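Let us walk through the cysteines of this model. Keep the sequence and the coordinates at hand.

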Amino acid sequence: MADPEPELLHLGLEALHVALGGKMVPFAGYLMPVQYPDGVLKEHLHTRAAAGLFDVSHMGQVILRPKAGMAALKLAFEALMPVDVLGLAEGRQRYGLFTNDAGGILDDLMFTNRGEHLYVVVNAACKAADIAHMTAMMPGVSVEPVADRALLALQGPGAEAALEAVLPGVAAMRFMDHRVIGDIWVSRSGYTGEDGFEISVSEVQAEGFARKLLAQPGVAPIGLGARDSLRLEAGLCLYGHDIDTTTSPVEANLTWALQKARRAGGAREGGFPGAARILRELAQGPERLRVGLCPEGRAPMREGVDLFARDGTPVGRVSSGGFGPSVNAPIAMGYVARSHATLGTELMGEVRGKRLPVTVCELPFHPTSYQR
């Protein structure tokens with residue numbers, strides 16, 4: 001007899017999503033709004049033109065508190081990934097990657113230096129494993145899951161004005177700044193390629209706060225469907241699809257996230273899981289590389305499409321793909337042999353038994369507009 005499916009978890013704002021006409025679907029163990037009545041295409045374009053409000057409360061929020069001082073906490077956390085934690089200034093946020101002993105990626109995450117502790121946001125599907133990993137690997141650190149807060153993302157060119165009207169002072173923040181304003185935690189970051197904010201708010205305040213934002217000019221609710229197409233246009237990875245436990249940060253073209261201090265010759269070279277492979281690939285190049293892919297014509301090339309050189313040699317596979325509403329064309333990302341990863345390389349993708357032309361192209365597909 002098969003094991004029963006685990007019961008889906010419910011967002012604190014589920015009633016609001018239903019009231020707004022959200023179509024609720026299972027995602028990462030939660031019931032989530034995939035779209036609202038306007039549909040994915042209009043929601044995507046609205047976010048690029050104005051401001052979109054996303055409920056990302058399924059993500060894991062965690063506080064790391066030191067038992068023996070912040071320097072020890074930072075070094076313990078830094079030992080889990082090839083990222084400079086020690087050098088992160090107070091009030092700043094950074095992208096991180098937990099790696100395993102084989103150099104693969106256990107999860108990607110955001111972490112913030114809040115002076116007396118670190119605030120970490122991890123992926124929903126990985127949060128239980130991440131919390132267990134941090135607890136086991138950092139015995140000198142108190143790992144505290146945050147279970148009583150919602151997480152909202154407000155994204156798009158109208159995000160600053162809308163949030164400033166509700167939460168004065170945020171307009172002065174730069175990209176990757178983090179502030180605690182009363183009981184609200186705000187970072188200037190997001191997953192769309194647009195300027196925007198992620199806002200952690202207590203569950204008891206969440207619906208009122210969300211309604212205040214939705215009442216601002218140009219703000220509309222946006223679902224998972226547009227979130228995925230927006231991040232794909234921005235060339236951003238989705239864990240479990242574009243990156244996983246077999247993929248190294250170098251293969252994933254995420255070397256920008258590996259600071260000099262952790263690389264060969266750096267102040268704290270190595271010392272993280274999988275260092276031998278990652279440092280070798282940094283020096284010699286990986287065997288394969290994540291690239292942007294531009295299919296010819298209008299047919300999308302979705303995850304799992306096999307890629308071939310023009311002579312028929314298998315060279316890789318699509319990891320994410322679909323239609324890019326802002327660029328009005330199909331777009332994809334995938335892994336190809338490094339010998340075929342040069343911009344402009346012409347490949348073939350096998351779609352429903354037919355091999356169709358696709359070209360290696362630059363990422364992102366749509367320009368980013370972060371507030372630098």
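Is Cys237 buried or exposed? Cys237 is buried: its relative accessible area is 7%. That is under the 20% cut-off for a buried residue. Keep in mind that this is a predicted model.

Next, look for a bonding partner. Cys237 takes part in no disulfide. The nearest cysteine sulfur belongs to Cys126, and it lies 13 Å away. Now turn to Cys126 itself. The closest cysteine sulfur to that of Cys126 is in Cys237, at 13 Å, so the distance is too far for a bond. A disulfide needs the two sulfur atoms within 2.5 Å. Cys126 also counts as buried, with 10% relative accessibility.

Where, then, is the disulfide? The structure holds 1. Cys294 and Cys361 form this link, with their sulfur atoms 2.4 Å apart. The pair joins distant parts of the chain, 67 residues apart. Cys294 sits in strand S15, which covers residues 288-295. Cys361 sits in strand S20, which covers residues 354-361.

Consider the geometry of the link. The angle about the S-S bond is 90 degrees, and the link of Cys294 and Cys361 is right-handed.

Finally, check the surroundings of both ends. Cys294 has a relative accessible area of 28%, so Cys294 is partly exposed. Cys361 has 14% relative accessibility, so Cys361 counts as buried. The cut-off for buried is under 20%, and partly exposed runs from there up to 50%.

Technical notes: Residues numbered from 1 in each chain as written. Predicted model: local features only at pLDDT ≥ 70, side-chain atom pairs only at ≥ 80, totals over all residues. Heavy atoms only, no water. Helix = DSSP H or I, 4+ residues; strand = E, 2+ residues; numbered from the N terminus. Buried < 20%, exposed > 50% of the residue type's maximum accessible area, 1.4 Å probe, protein only.
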